[in-house]
Amino acid sequence: MRRKFLLQFLPGNLVLVGFCLWNLATFAEAKDSRPNILLIMVDDMGFSDIGCYGGEVDTPHLDRLAAGGLRFTQFYNTGRCWPTRAALMTGRYPHDVGHAMMFGEQAPPAYQGTSKQRALMISEVLKPLGYRTYHVGKWHLHNRKKGAASAASWPLGRGFDRSYCVKRQDNFFNPKLMLDEHFEFKRPGDEDSEYYITRAFTDRTIHYLDEHQTYHRDEPFFLYLAHTAPHFPLHALPEDVAKFRERYRVGWDVIRQQRLVRMKKSGILNAKLTERDSDAVAWDSLSDKEKDDWSGRMAVHAAMIYRIDVGIGRIVKKLKSMKALDNTLILFLSDNGASAEYILRGDGHDPKAPLGSGETYRCLEVGWANAANTPFRYHKIWVHEGGISTPLIASWPAGIKNKGGLTSALGHVVDVLPTAVELAGGKVGKEVSGRSLLPVLRGQGEMNAERMVFWEHQGNRAVRQGDWKLVAVDGAPWELYNIGEDRSETKNLIDVETARAEGLKESWQKWAQAQGVLPWDDLKKWRPNYSKDYKMK
């Protein structure tokens, strides 16, 4: 008999009630048949980077998961790292849980970023439901205070049984890491000259799977693998960089065109190629030296994604050896679009150091970010399609009906928690913004076409309902697009569909008021140097 739980959302929090303890004995006697959940999130990867979404980056293992699973063509994140992670883990919009920004407790509630217990995370819900919970990789949801307040906001304070956590991604060869509850951040590269964080994340994931198989094989698991790649700084293994070093000498203009051809051929989308970003120059206008430098950056970006894929292949092989792959739901996605940021942190950049090495500090910047997000406009931080569109590959051999198929179901990262909770046999309350993806995965129908999805980040704002999207850049007028016919947002219909635009604007304003959204100009005082820390081209 399956356990029955009721999950209710009281003001400001998520509470478990009606926990049937007697059923624990039932599951102790027989292997739990509920699916495992492996959630893989990458960092700053573009919509069209991986092979099965039109990219030229070699990702055979992800492509194989897609061939046996389901690819979402209209799945969204929030456009930025920590807001996406907050929404992913809580099923609620980031403002609702205080993670629209990370300005500290002196700021308005929606922008504090202090990980207050406003809503339980997936791990905190699944653990009492009988799931073993593991975290590997990036977190970015911690409280910056010291002591007990900080400890409660890290993974083990938020429902995870084990955690291998990176504090800051300033160096892929020697990052600051924390294991479980030990709050001594160490740099493993000081002792291991072969250390590379993406490979280490795979090693630790397999270690936890081994541990689970040995000690908890009769329990389902939830494993959250949050890669830091391909986020800047662009660091990759030399042999991986060499694999891609010549591939990008054709330049970003040609790569964009080639990707769109493949995307159309595979059915991912049928859209126009937007004009090159206004801050990105024509590739042919660059000098040979500039072309060499820029093609090298994209080679490192591709190498970082390739190494993620290699690791996924190792993890899948491990799940097969455990006889767990068929009943494991694997979800793969990105936290935002590719980044046009140009930032220098840590020990700076040594121009004489080998390409992609730990002594370098380079970002992808606008030309290649524009290509990585083909065919869309804008990039990370903005809420036009280039900033918020993510691949979503769902693999679950025992559960997905349309294997190898595509779905145009409108989805958002807030949908992950209700999906996981339904798989675990629980229910979510009205405070959750997301909806379960299980009907789509099981081929029982698409998501409600009339659902509304909302965005706001740094004054960039949007709402989508059905095929229609109202969107604006901070300080600029609203724009209206028929996404069903114009996914690239090239034909602004704001002056044609005036009544529709006004209705969507009113809906966004009501949502914004309920969420505690404030004008971006009113918030800059909370962190005066913010615009200096995060630069764009």
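**Figure 1. Tyr 378, in the loop between helix 10 and helix 11 (385-388).** This close-up comes from a predicted model. Tyr 378 isn't a glycine, yet its phi is positive, near 65 degrees. With a relative accessible area of 24%, Tyr 378 comes out as partly exposed.

**Figure 2. Gln 458, another positive phi outside glycine.** Here phi sits at about 50 degrees. Look for Gln 458 in the loop that links strand 13 (452-457) to strand 14 (460-465). Gln 458 has 15% relative accessibility, so it falls under the 20% cut-off and counts as buried.

**Figure 3. Helix 8 packed against helix 10.** Helix 8 covers residues 252-266 and helix 10 covers residues 365-372; their axes are 9 Å apart, at an angle of about 10 degrees. That angle makes the two helices roughly parallel. From helix 8, Trp 252, Ile 255, Arg 256 and Arg 259 take part. Helix 10 meets them with Gly 367, Trp 368, Asn 370, Ala 371 and Ala 372. Sorted by class, this contact has 5 nonpolar, 2 polar and 2 charged residues.

**Figure 4. The largest nonpolar core and one of its hubs, Ile 393.** This core has 77 residues, and those touching the most other members are Ile 50, Tyr 248, Leu 319, Phe 332, Trp 368 and Ile 393. Helix 9 (residues 288-321) gives the most to the core, with 15 residues. Trp 368 turns up in the helix 8 and helix 10 contact too. Zoom in on Ile 393 and, leaving aside neighbours within four places in sequence, you'll find contacts including Ile 50, Cys 52, Tyr 53, Leu 62 and Leu 65. Ile 330, Leu 331 and Phe 332 are also among the residues in contact with Ile 393. A second, separate core has 49 residues, among them Ile 37, Val 421, Leu 437 and Val 440.

**Figure 5. Asp 43, buried in a loop.** Asp 43 sits between strand 3 (36-42) and helix 2 (60-67). Its relative accessible area is 0%, so Asp 43 counts as buried. The Asp 43 side chain makes a polar contact of 3.4 Å with the side chain of Arg 85. Beyond residues up to four places away in sequence, Asp 43 also touches Lys 138, Gln 169, Ser 334 and Asp 335, among others. The run His 227, Thr 228, Ala 229, Pro 230 and His 231 belongs to the list of Asp 43 contacts as well.

**Figure 6. Two cis peptide bonds in the loop between strand 8 and helix 7.** One cis bond joins Ala 229 and Pro 230, with omega at about 0 degrees. Both of these residues touch Asp 43. The other cis bond runs from Phe 232 to Pro 233, again with omega near 0 degrees. Pro 230 is placed in the loop between strand 8 (221-226) and helix 7 (238-244), and Pro 233 lies there too.

**Figure 7. Thr 90 in helix 3 (residues 81-90).** Thr 90 has 4% relative accessibility and counts as buried. A polar atom of its side chain lies 2.7 Å from the backbone oxygen of Ala 86. On the Arg 92 side, the backbone nitrogen lies 3.2 Å from a polar atom of the Thr 90 side chain. Not counting residues up to four places away in sequence, Thr 90 touches Val 97, Ala 119, Leu 120, Met 121, Leu 417 and Val 432. Ser 123 is 33 residues from Thr 90 along the chain, and their C-alpha atoms are separated by 9.4 Å.

Conventions:
Residues are numbered from 1 along each chain as its sequence is written. This is a predicted model: local features need pLDDT of at least 70, side-chain atom pairs count only at pLDDT 80 or more; totals for chains, interfaces and linings use all residues. Side-chain values use heavy atoms; hydrogens and water are left out. Helices (H or I, at least four residues) and strands (E, at least two) are DSSP runs, numbered from the N terminus. Buried means under 20% relative accessible area, exposed over 50%, partly exposed in between (1.4 Å probe, protein chains only). Contact means heavy atoms within 4.5 Å. A polar contact is a pair of N or O atoms within 3.5 Å; within protein, one must be able to donate a hydrogen and the other to accept it, and residues adjacent in sequence count only if both atoms are side-chain atoms. Axes are lines fitted to C-alpha atoms, for helices over the stretch in contact, and angles run from 0 to 180 degrees between N-to-C directions. Angles under 35 degrees count as roughly parallel, over 145 as roughly antiparallel, 65 to 115 as roughly perpendicular and the rest as oblique. Ala, Val, Leu, Ile, Met, Phe, Trp, Tyr, Cys and Pro count as nonpolar, Asp, Glu, Lys and Arg as charged, and the others, Gly among them, as polar. A nonpolar core is a set of buried Ala, Val, Leu, Ile, Met, Phe, Trp, Tyr and Cys residues joined through side-chain atoms within 4.5 Å.
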